[in-house]
Amino acid sequence: VQLQASGGGLVQAGGSLGLSCAASGSIADIGTMGWYRQAPGKQRELVAEITKVGSSDYADSVKGRFTISRDNARNTVYLQMNSLKPEDTGLYYCKGRIKSRTVWGYADYWGQGTLVTVSS
């Protein structure tokens, strides 16, 4: 099972970016998917997560600006980021709670980080 994230880049404050993360491999089921970020010198933190049926939750710092969504048919989770601020800068990681066809039970799988840089 692999998660491939894409969509990071450089944007000015107030701008927008969209991230996507596709899961592939021997997948039996995908539960909650989410986005985390890690700013330089800080711990990784939850940005947003979404359940299989579409219930979502957000960090207080991004509520009203970021929107998480998913396409279950494509095993893909998205993060639309609007009104970006310099403090949103960091490496963004996707995570999926996935049941593989070859491994018993669910496990957390992580994508590689994609860099988001917001200039002031």
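Before anything else, a note to self: two strands count as paired if DSSP finds at least two bridges between them. I'm also jotting down that this is a predicted model.

**Strand 9 and strand 10.** I started here and found the two strands pairing antiparallel over 5 bridges, with strand 10 covering residues 106–110. I looked up who faces arginine 97, and aspartate 108 in strand 10 stands opposite. The two strands make a hairpin with 5 residues between them. In that turn, glycine 105 has a positive phi of about 85°.

**Other partners of strand 9.** Next I checked strand 4, which pairs with strand 9 in the antiparallel sense over 9 bridges. Isoleucine 30 sits opposite isoleucine 98 of strand 9 there. Strand 11 also runs antiparallel to strand 9, joined by 3 bridges. In that pair, leucine 91 has leucine 115 as its bridge partner.

Is strand 9 largely enclosed or not, and why? I got 8 of its 11 residues buried, so the rest of the structure largely encloses strand 9.

**The open sheet.** Then I traced 4 strands in the order 1-3-8-7, with antiparallel pairing. Strand 1 and strand 7 are the edges; each has a single partner strand, so one side of each has no neighbour in the sheet. From one strand to the next, the twist averages 15°. Strand 3 and strand 8 share 6 bridges, and leucine 19 is partnered with leucine 79 of strand 8.

**The core.** Last, I looked at the largest nonpolar core, which has 28 residues. Leu79 turns up again, listed with Trp35, Met81 and Tyr92 as having the most contacts inside this core. Strands supplying at least two core residues each include strand 4 (27–38) and strand 9 (90–100).

Note on methods:
Residues are numbered from 1 along each chain as its sequence is written. This is a predicted model: local features need pLDDT of at least 70, side-chain atom pairs count only at pLDDT 80 or more; totals for chains, interfaces and linings use all residues. Side-chain values use heavy atoms; hydrogens and water are left out. A nonpolar core is a set of buried Ala, Val, Leu, Ile, Met, Phe, Trp, Tyr and Cys residues joined through side-chain atoms within 4.5 Å. Buried means under 20% relative accessible area, exposed over 50%, partly exposed in between (1.4 Å probe, protein chains only). Axes are lines fitted to C-alpha atoms, for helices over the stretch in contact, and angles run from 0 to 180 degrees between N-to-C directions.
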